[in-house]
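Here is a short walk through one protein model, written for a reader who likes to check geometry against coordinates. Please keep the viewer open as you read.

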Amino acid sequence: MTNRAGRRRARRLAIGSAVVLALAGMNGPWLYRFGTEQYHQYAINRPEYKAENGHWEIVDFPEEYRQNTIHAALLRTGKVLLIAGSGNNQDNFDAKRFDTRIWDPVKGTVKKVPTPKDLFCTGHTQLANGNLLIAGGTKRYEKLKGDVTKAGGLMIVHNENPDRPITLPAGTKFTGKENGKTFVSKDPVLVPRAEKKFDPATGKFLGNDPGLGRIYVEAAKSGAKYETGTEDNYRIQGLTGVDARNTYGIAQKLALDKKDFQGIRDAFEFDPVAEKYIKVDPMKEARWYPTLTTLSDGRILSLSGLDEIGQLVPGKNEVYDPDTKRWTYTKEVRQFPTYPAISLMQNGELFYSGANAGYGPDDVGRDPGIWDLDTNRFTKIPGMSDKDRLETAATVLLPPAQDEKYMVIGGGGVGESRKSSAKTRLVDLLADDPRFVDGPSLDKGTRYPQASILPDDTVLISGGSEDYRGRGDSNILEARIYDAKTDRMSRVADPLVGRNYHSGSILLPDGRVMFFGSDSLYADKANTKPGKFEQRIEIYTPPYLYRDARPSLSGGPKTIERGGSATFATQHASSVESARLIRPSASTHVTDVDQKSIALALKTTKDGITVTVPKNRNLVQSGWYMLFVTDDQGTPSEAQWVKVP
Ligand SMILES: [Cu+2]
């Protein structure tokens, strides 16, 4: 136990006995509780308590500005973009009510922003120009078994014609050659032309590889009698001649099963100065729950998600070029569950922690490892404990990023499993043979933990729930600060609001941390009443902001090149011990692959500091960063925004 933790525990015990003593003369359980709550309020508001444990406060927007925030990103203006889209609410979706807010956490102002599409469950990442790239979202809500009235499913349209592609409009009818049943497509589909295959040795023509198109079809009428039992080949109505001969559909069983959410292809850049969405080229694939990860060359990799028919995108990943604003497929395919935690390593390869959020078969893309995108080689990393509980786990690149140590926190079993993990696991990617080892444990199995890097090289870990979406009243009102250097975890003040699914946290430029969202399945312990989305924001002020003074930081350039140096003024130069560039968060579904804290070389002078940015572009990706300096007490300055071009 650390000294601090020891003192804190002693004080907690003291608080406990003081309450008992003070109330010993009173009677009745109500009075006791009332007194305890009052004393608790007094205790958590004492300056000494805050200086040790920090402090939480709730921010409640005026009613007309409240929304179901599912996504949040810190913009280079210091404001926070809060995206709800339809906010996991079918009524909003049906009414095309899609919401976005911009919140200024310093001024406390909030503004509505017109939202062009349903960005509920989109993907996002910070771009070099300071815009936020946003791609994917919701085309249709899920339909649970029982609510599905028309038999339906995936039809794979085959085109055997090597001379030209074919487009089938929405409403195209497919009739089974065996079963005689007819199904109708919901959307148009472009089916590429067939490819001629030749024997590489002899050059002999072997036949055609048909072009394939994927489309959702459903029965024209409701009822179980339109379900099919098994695979069939489908004739397409309205086609004649060559097209009729070359084009057909193949579908497995078409039934009244649960239909998953469906994704969209739309993509936008959010401009933080104009405060609006700018439409860019749509993705090649529709995606619901994609992860966007910046690559070595500044392009953005879009990974996984559910496609426009609600199936896991079959390994077709794609890349966004911020210069041309267009998408292209990657050469090779590789399949991951939705929202995979994948980020760029210093050597240009990609690290996948195994953490993800929500959808995909339990045997596809679940192993953590290192992925070389060019060769598509994937090297598994061993040693992960509770490996079957990585859904809704959090992944953090521990500060400083140069050490390339990741922590994987908590997580749960696949789907709606009741299993969850109390473990944290650590991996050192600079080791010769990286392997996961256990770090300090949490008290309880924890799905959806929120994790934010702080400027003093610690990580705030908070909230989550023990069961899937907080079932059984299982929200965890606990927070901890993990010190990467000492590998110690200390309990701090408890959050006031429980947060599970559809929640997250973001470090603010003033050193505080904001928390958003939570989407409990039920409102009661017995799981009988439907849950209500948590619309309140909460702010945690860490202990370091309850000390006497914080270092000042001013002046300096707005831009620092990789490998370049810059000088800033500070009144406390001699006490400044470290400087960090922290990449602003873009967080959803326990996934925030952007956040990282990069150590800068530091020289102090009489009234200023000079920092030098590392040269490695994989470590320091182009974009806007918060520059913090921290003094010998561990107290950070407010951040200055700097751009690394
Ligand atoms: Cu979701």
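## A hairpin and the loop after it

Tyr 482 has Met 489 as its bridge partner in E37. This is a predicted model, and the pairing just named is a good place to enter it. Strand E36, residues 479-483, runs antiparallel to E37, and the two pair over five bridges. Four residues sit between the strands of this hairpin, and Asp 487 has a positive phi there, near 55°.

Follow the chain beyond E37 and you come to His 502, found in the loop between E37 and E38. His 502 also takes a positive phi, near 55°, although it is not a glycine. Its relative accessible area is 1%, so His 502 is buried.

## The copper ion

What are the protein donors of the copper ion? They are Tyr 289 through OH, His 502 through NE2 and His 589 through NE2, lying 2.0 Å from the ion. Along the sequence, the spacing of these donor residues reads Y-x212-H-x86-H. His 502 belongs to the loop between strand E37 (488-492) and strand E38 (503-507), and His 589 to the loop between strand E43 (586-588) and strand E44 (596-604), so this pair ties together parts that are 87 residues apart in sequence. With a relative accessible area of 2%, His 589 counts as buried.

Now look at Ser 503, found in strand E38. Its relative accessible area is 2%, so Ser 503 is buried. The side chains of Ser 503 and Gln 450 are joined by a polar contact of 3.2 Å. If residues up to four places away in sequence are not counted, Ser 503 touches Tyr 448, Gln 450, Phe 516, Gly 517, Ser 518, His 589 and Val 590. The copper donor His 589 is thus among the residues that Ser 503 touches.

## Salt bridges

Side chains of opposite charge can pair when their charged atoms come close. With a limit of 4 Å from a Lys or Arg side-chain nitrogen to an Asp or Glu carboxyl oxygen, the count comes to 39 salt bridges. Three of them are set out here.

| Salt bridge | N to O distance |
|---|---|
| Asp 99 and Arg 101 | 3.9 Å |
| Asp 257 and Lys 145 | 3.8 Å |
| Arg 583 and Asp 594 | 3.4 Å |

How do these pairs sit with respect to the surface? In the pair of Asp 99 and Arg 101, Asp 99 is partly exposed at 23% relative accessible area, while Arg 101 is buried at 4%.

Asp 257 and Lys 145 also meet in a salt bridge. This pair links distant parts of the chain, 112 residues apart: Asp 257 is in the loop between E18 and strand E19 (262-263), and Lys 145 is in the loop between strand E8 (138-140) and strand E9 (152-159). Asp 257 is partly exposed, with 33% relative accessibility, whereas Lys 145 is exposed at 61%.

For the salt bridge of Arg 583 and Asp 594, the chain positions are as follows. Arg 583 is in strand E42 (residues 576-583) and Asp 594 is in the loop between E43 and E44, so the pair ties together parts that are 11 residues apart in sequence. Both Arg 583 and Asp 594 are buried.

Salt bridges can also be followed from residue to residue: Asp 443, Lys 444, Glu 478 and Arg 480 are linked in a network of them.

## Thr 247 and the domains

The protein is divided into domain 1 (3-44), domain 2 (46-142 + 260-546), domain 3 (152-251) and domain 4 (565-644). Between the C-alpha centres of domain 3 and domain 4 there are 55 Å.

Thr 247 is in strand E18, residues 247-251. Is Thr 247 buried or exposed? With a relative accessible area of 3%, Thr 247 is buried. A polar atom of the Thr 247 side chain lies 2.9 Å from the backbone oxygen of Asp 243. Leaving aside neighbours within four places in sequence, Thr 247 is in contact with Val 157, His 158, Asn 159, Ile 166, Ile 236 and Leu 239.

## Two backbone details

Pro 399 and Pro 400 are joined by a cis peptide bond with omega about -10°. Pro 400 has its place in the loop between strand E30 (394-397) and strand E31 (405-409).

Tyr 339, a residue other than glycine, has a positive phi near 45°. Tyr 339 is in the loop between strand E25 (326-329) and strand E26 (342-344), and its relative accessible area of 1% makes it buried.

Conventions:
Residues numbered from 1 in each chain as written. Predicted model: local features only at pLDDT ≥ 70, side-chain atom pairs only at ≥ 80, totals over all residues. Heavy atoms only, no water. Buried < 20%, exposed > 50% of the residue type's maximum accessible area, 1.4 Å probe, protein only. Contact = heavy atoms within 4.5 Å. Polar contact = N/O pair within 3.5 Å; in protein donor to acceptor, adjacent residues only side chain to side chain. Donors = N, O, S within 2.8 Å, 3.2 Å for Na, K, Ca; no water. Domains from an automatic or database assignment. Pairing = 2+ DSSP bridges.
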